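Reader: I would like to learn how to read helix packing, burial and backbone angles in a model of this kind. Could you take me through them one at a time, with the general idea before each case?

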Amino acid sequence: MIPMLIGISLISFFIMHLAPGDITASESAFNPKASEESRQKLRALYNLDKPLITQYGLWLKRIVKLDFGNSFASHQRPVLWETKDDKGNVTKGMIQDALPITLMINLIGLLIIFVLSIFLGVVSAVNQNRWPDRLITVIVFIGFAIPGFWLALLLMYWTGVTHSWLPISGLHSAGYEKMGQIAQYLDLFKHLILPVFVSSLGGLASISLYVRNGMLDVLQQEFITTARAKGLTENKVVYGHALRNTLLPLITIVGLSIPGLIGGSVIGESIFAISGMGKLFFDAVLMRDFPVVMGILTIGSVLTLFGNLIADIGYAWADPRIRRGITN
Amino acid sequence: MHGQIPELGEALQIKILTQNPLALSGFIIIVAVLFIAIFAPWLSPYDPNYIDIHSILLPPSVSHFMGTDGLGRDVFSRMLYGSRISLLVGIVAVGIATVIGTFLGAIAGFYRGYTDSIIMRFVDTMLSIPTFFLILAVIAFLTPSIWNIMIVIGLTSWMGVTRLVRAEFLSLRNREYILAAEAMGASDFRLISKHLLPNSLTPIIVTSVLGIASAVLTESGLSFLGLGVQAPQSSWGNILTDGKEYIQFAWWLSLFPGLAILITVLGYNLLGEGLRDLLDPKNKNQKK
C-alpha cells in the first residue's frame with residue numbers, strides 16, 4: 001500500500017504542473033503594476049523557484065503530517081482540517097466541511113443500490129427470460145445509458161419548478177436553524193431525494209446486472225441441485241443458498257466502485273448546488289486553487305484505497321474458505 | 001469445446017447477430033449513428049452554426065424538426081453534427097486506451113515476475129484515483145479542446161484492458177501450442193503478436209465497445225460542465241448546457257440531446273453485452 005500512496009501523491013503533484021504558467025502569472029495578470037521582481041519574490045515565497053523534485057519533496061514532507069496547506073482563494077482556509085490561530089479563532093478546513101456531505105449522499109446511495117439491485121437481480125434471475133426479467137433488463141440498460149446530469153436537470157425542472165414538490169438546490173431550506181429536530185431531518189430528507197436518486201442510478205444498473213448473472217451462474221451448480229433434491233423450499237434454495245454465494249464477489253465490486261462514486265459527485269453536486277467534495281473540486285479546478293486540487297485528489301484516492309482495504313477484509317470475513325485458511 | 005462458438009468475424013455477420021436480439025438492436029443503433037455522422041452535411045437542412053436572429057427559440061415544427069436555440073440556430077442540424085463529436089471522442093479515446101492497455105497487459109502477462117508487479121501496482125494506483133477528478137483537473141489546466149478530451153479520457157481508462165489482457169495471457173502462456181512455438185525458436189514479439197494476442201482478441205473487443213459507451217458519457221458530462229467541446233462546434237453535451245438556461249420555455253433544447261446521448265450509449269452497451277453473450281463459451285454450454 002505504501003508504494004501506491006507514493007504513486008498517488010506523485011500523480012496528484014505532477015498533474016498540477018501540466019498547467020502552463022503558475023499562480024504568479026494569474027496574480028500579476030490582475031495587477032498590471034506587478035513587476036518581474038515581485039513575481040520572483042512570490043515564486044520564492046511559494047517555493048516555485050526550486051526544481052520540481054524539490055517542490056515535490058517539500059510537499060510530501062508536509063502531507064505526511066497531514067498538512068495540505070491553505071487555499072489560494074482570498075479566504076485562505078486550510079485545505080484539510082481546522083486550525084487555530086493565536087487568538088483562538090478556529091477556521092474550519094475545506095475538506096472537513098465537504099467530505100461528510102459527499103460521504104452521506106454516497107453511503108445512502110450505496111445502501112439503496114445494494115438493497116434494490118439485489119432485489120432486482122434475484123427477481124430477474126429466478127424468472128430468467130420471462131417478462132419480469134425482460135422488463136428489468138430493459139430498465140437496467142436504460143439506467144446504465146442515461147446521462148445522470150440530463151436526468152437530474154429534467155427531474156429538477158419537473159419536480160421542483162413545474163410542481164414544486166421537492167426543493168431543487170442545496171441541502172437545507174432557509175430558516176433551517178430555527179426548525180425542530182424532526183423538521184430538520186425531514187427537510188434534509190427532502191433535499192436528499194433527488195441527488196441520491198441521480199447518484200445511485202448508474203450503480204444500480206450495473207450491480208443488478210451483476211447480481212442477475214451471478215445468480216444464474218450459481219443456480220446452475222450442483223449444490224443447488226442437491227439443496228433442491230433435499231426437498232428444501234424454493235425460497236430457502238434461492239435466498240439461503242444461491243444468494244449468499246452470489247453476494248461474496250459483490251463486496252469487491254462495491255470496493256471498486258468507490259472512485260466512480262466520488263468522481264461522479266462532481267456533476268450531481270454542481271447541478272444541485274450541494275457543497276460537497278465534487279463541487280469543491282470543480283470550483284478549485286476552475287480557480288486553479290492548487291492546494292485544494294492536490295488535497296482532494298490525494299484524500300479521494302486514499303479514501304478509495306481505504307475502501308478497497310475494507311472490502312478485502314469484508315471478503316475475508318464473509319468467505320469461510322478464506323476465514324479458515326482453506327485454499328480451494 | 002470451441003466448435004459451437006462463433007468467432008468474432010462471424011459474430012458480426014447479420015445472420016449470427018440475429019440470434020441475439022441485444023447485439024442486433026445495439027448493432028442497428030450504432031450503424032444508424034455512424035450513418036448520421038458520416039452524412040451529416042447532406043442530411044442537415046441548415047448550416048449548424050448559422051445564426052438567425054429572426055427565428056430564436058422556435059418550437060419544433062416542419063421547418064425546424066427540433067426547434068431552434070437561443071441564437072436561432074437549427075437544433076436538428078446541430079444534433080446531426082454533434083453525432084460526429086461523440087463518435088470521434090468515443091472511438092479515439094477508446095483506441096488510445098485499448099492500445100496502452102493491451103501493450104502493458106501483454107508485457108505484464110508475458111514476462112511476469114518484476115515487470116508484472118510493477119505494471120500491476122501502477123494499474124492499482126491509477127484505479128484508486130477518482131478518474132473523473134483526474135480528467136477534470138487535466139482538461140481544465142490544459143484548456144479544453146476536443147483533442148485534449150480524447151487523449152485524457154484515453155489516458156485514464158486503459159486499466160481495465162490491462163487487467164483483462166494480462167489475465168488472458170497468464171492463462172494462455174503455458175498452453176502447449178505456445179510452448180511449442182517457443183521451443184521452435186519464435187521470438188517474444190512473434191509469440192505475443194501471432195499467438196497470444198489473436199487468441200485474446202474477443203474480450204478486448206467486448207471491453208472496448210463497452211468502453212466507448214462510457215467515453216461518450218464522460219465527454220457529454222465534461223461538455224455539460226463547460227469543459228468539453230467548445231463553441232461554436234456543437235456536441236450533444238454543449239447543446240444541452242446551452243439549453244439548460246432556457247429549460248423553462250424551450251424544453252426541446254434539453255430533451256433531444258439527452259435522448260441522443262441515451263440512445264447512443266444504449267447502443268454501445270447493447271452491442272457490447274450482446275457480443276459478450278454470443279462469444280462466451282460458458283453461455284453456449286448452458287443453452288444445450
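Author: Let us start with handedness: a crossing is called left-handed if the near helix is turned anticlockwise from the far one by less than a right angle, and right-handed if it is turned clockwise. With that in mind, and remembering that this is a predicted model, the crossing of H5(B) and H14(B) is right-handed. The residues that make this contact are B:Val75, B:Met79 and B:Ser86 on H5(B), together with B:Trp252, B:Leu253, B:Phe256, B:Pro257, B:Ala260 and B:Thr264 on H14(B).

Reader: At what angle do H5(B) and H14(B) pack, and how far apart are their axes?

Author: Two packed helices are described by the angle between their axes and the distance between the axes. For H5(B) and helix H14 (residues 252-279) of chain B, the angle is about 30° and the axes are 11 Å apart. Angles under 35 degrees count as roughly parallel, and H5(B) and H14(B) are therefore roughly parallel to each other.

Reader: Turning to burial, is B:Trp236 buried or exposed?

Author: The cut-off to keep in mind is that a residue is buried if 20 or more other C-beta atoms lie within 10 Å of its own. B:Trp236, in helix H13 (residues 236-244) of chain B, is buried because 30 other C-beta atoms lie within 10 Å. Leaving aside neighbours within four places in sequence, B:Trp236 is in contact with B:Gly82, B:Ser86, B:Ser220, B:Pro257, B:Ala260 and B:Ile261; of these, B:Ser86, B:Pro257 and B:Ala260 are also among the residues of the contact between H5(B) and H14(B).

Reader: Which residues does B:Gly211 touch, not counting those up to four places away in sequence?

Author: B:Gly211, which has its place in helix H12 (residues 201-224) of chain B, touches B:Val94, B:Ala97 and B:Ser157 when those close positions are not counted. B:Gly211 is buried, with 25 other C-beta atoms within 10 Å. B:Gly211 and B:Glu273 are 62 residues apart in sequence, yet their C-alpha atoms are 11 Å apart in space.

Reader: What does the phi angle tell me about B:Arg112 and A:Ala273?

Author: Most residues other than glycine have a negative phi. B:Arg112 has a phi near 50°, a positive value in a residue other than glycine, and is found in the loop between helix H5 (75-111) and helix H6 (113-128) of chain B. A:Ala273 likewise has a positive phi, near 50°, and lies in the loop between helix H11 (258-272) and helix H12 (277-287) of chain A. As for their surroundings, B:Arg112 is partly exposed, with 14 other C-beta atoms within 10 Å, whereas A:Ala273 is exposed, with 11.

Reader: How does the span of helix H10 of chain A compare with what its residues should give?

Author: The general approach is to set the distance between the end C-alpha atoms against an expected span at 1.5 Å a residue. The 23 residues of helix H10 (residues 234-256) of chain A should span 33 Å, and the end C-alpha atoms are 32 Å apart, which agrees. H10(A) nevertheless has a kink of about 40°, centred on A:Leu243. The buried residues of H10(A) include A:Val238, A:Ala242 and A:Thr246, and what covers the buried residues includes helix H5 (94-126), helix H8 (181-219) and helix H13 (290-318) of chain A.

Definitions and conventions: Residues are numbered from 1 along each chain as its sequence is written. Chains are lettered from A and ligands numbered from 1 in the order in which they are written. This is a predicted model: local features need pLDDT of at least 70, side-chain atom pairs count only at pLDDT 80 or more; totals for chains, interfaces and linings use all residues. Helices (H or I, at least four residues) and strands (E, at least two) are DSSP runs, numbered from the N terminus. A residue is buried if 20 or more other C-beta atoms lie within 10 Å of its own, exposed if 12 or fewer, and partly exposed in between; C-beta atoms are placed from the backbone. The expected span of a helix is 1.5 Å times one less than its number of residues. The bend at a residue is the angle between axes fitted to the seven residues ending there and the seven starting there. Two residues are in contact if their C-beta atoms, placed from the backbone, lie within 7 Å. Axes are lines fitted to C-alpha atoms, for helices over the stretch in contact, and angles run from 0 to 180 degrees between N-to-C directions. Angles under 35 degrees count as roughly parallel, over 145 as roughly antiparallel, 65 to 115 as roughly perpendicular and the rest as oblique.
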